[in-house]
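Let's take a walk through this fold together. Have the sequence and the model open side by side, and we'll go from strand pairing to side chains.

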Amino acid sequence: MKILHFLLINLIIVNTAYASVCTDYLSEIYSSQHGRKIEITQKNNEHIDKLEDYIGNRFVSYVVYGKARIRRLDKRQKTLNYACLMENDKKPLWGYIFSD
């Protein structure tokens, strides 16, 4: 039973790490595009799909997607959907925010 709890906690930590790396990456992209600091923070419903395939000449290990909140684009906070491709060394390769 202790092993099951350990595995469950590790799975939660890994999922959160991928999602926070993706939302940090998207925050940097959108901040540079709009010329001011934009915060994109994760919500609790991220998903990670293992891809392990080449897209062009780059190897993509995971696709991370879910919901996030965006602040400072205008005065109100919005909920949005995002997707991010992760390289083999767990770095974001590409990210996109889907509009409603």
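Start at Gln 42, which sits across from Ala 68 in E3. That match belongs to the pairing of strand E1, residues 39–42, with strand E3, residues 58–71. The two are antiparallel, and four bridges hold the register between them. Keep in mind while you look that this is a predicted model.

Now stay on E3 and look at its next partner. Strand E2, covering residues 47–55, is joined to E3 by seven bridges, again in the antiparallel sense. Ile 55 faces Arg 58 of E3. The hairpin of E2 and E3 has two residues between the strands. In that hairpin, Gly 56 adopts a positive phi, near 70 degrees.

E3 has a further neighbour in strand E4, residues 78–87. Here the count is ten bridges, and the strands run antiparallel once more. If you want a spot to check by eye, find Val 63 and look across to Leu 85, its bridge partner in E4. As you trace any of these strands, remember that side chains in a regular strand alternate between the two faces of the sheet.

Step back for the whole chain. There are one helix and five strands in the protein chain, and reading along the sequence gives the order α-β-β-β-β-β. Of the contacts between residues at least 6 apart in sequence, 43% link residues at least 24 apart. The chain has 100 residues, and 27% of them count as buried. Its accessible surface is about 7100 Å², with 55% of that belonging to carbon and sulfur atoms.

Next, the cysteines. How many disulfides does the model have? The count is zero. The pair to inspect is Cys 22 and Cys 84: the sulfur of Cys 22 has its closest cysteine sulfur in Cys 84, at 3.1 Å. A disulfide needs the two sulfur atoms within 2.5 Å, so 3.1 Å is too far for a bond. Looking from the other end, Cys 84 finds its closest cysteine sulfur in Cys 22. Are these two cysteines buried or exposed? Cys 22 is buried, at 0% relative accessible area, and Cys 84 is buried too, at 0%.

Finally, the aromatics, where the count is three pairs. One of them is Tyr 54 with Phe 59: the ring centres are 5.2 Å apart and the planes meet at 70 degrees, so this pair is edge-to-face. The cut-off behind that label is over 60 degrees between the planes. Tyr 54 is exposed, with 54% relative accessible area, while Phe 59 is partly exposed at 27%.

Another pair is Tyr 96 with Phe 98, also edge-to-face, with 5.1 Å from centre to centre and 75 degrees between the planes. Tyr 96 comes out as partly exposed at 40% relative accessibility, and Phe 98 is partly exposed at 38%. Add Trp 94 to Tyr 96 and Phe 98, and you have one aromatic cluster.

Technical notes: Residues numbered from 1 in each chain as written. Predicted model: local features only at pLDDT ≥ 70, side-chain atom pairs only at ≥ 80, totals over all residues. Heavy atoms only, no water. Buried < 20%, exposed > 50% of the residue type's maximum accessible area, 1.4 Å probe, protein only. Phe/Tyr/Trp six-rings, centres within 6.5 Å; stacked < 30°, edge-to-face > 60°. Pairing = 2+ DSSP bridges. Contact = heavy atoms within 4.5 Å. Areas by Shrake-Rupley, 256 points an atom, 1.4 Å probe, with all protein chains shown as cover.
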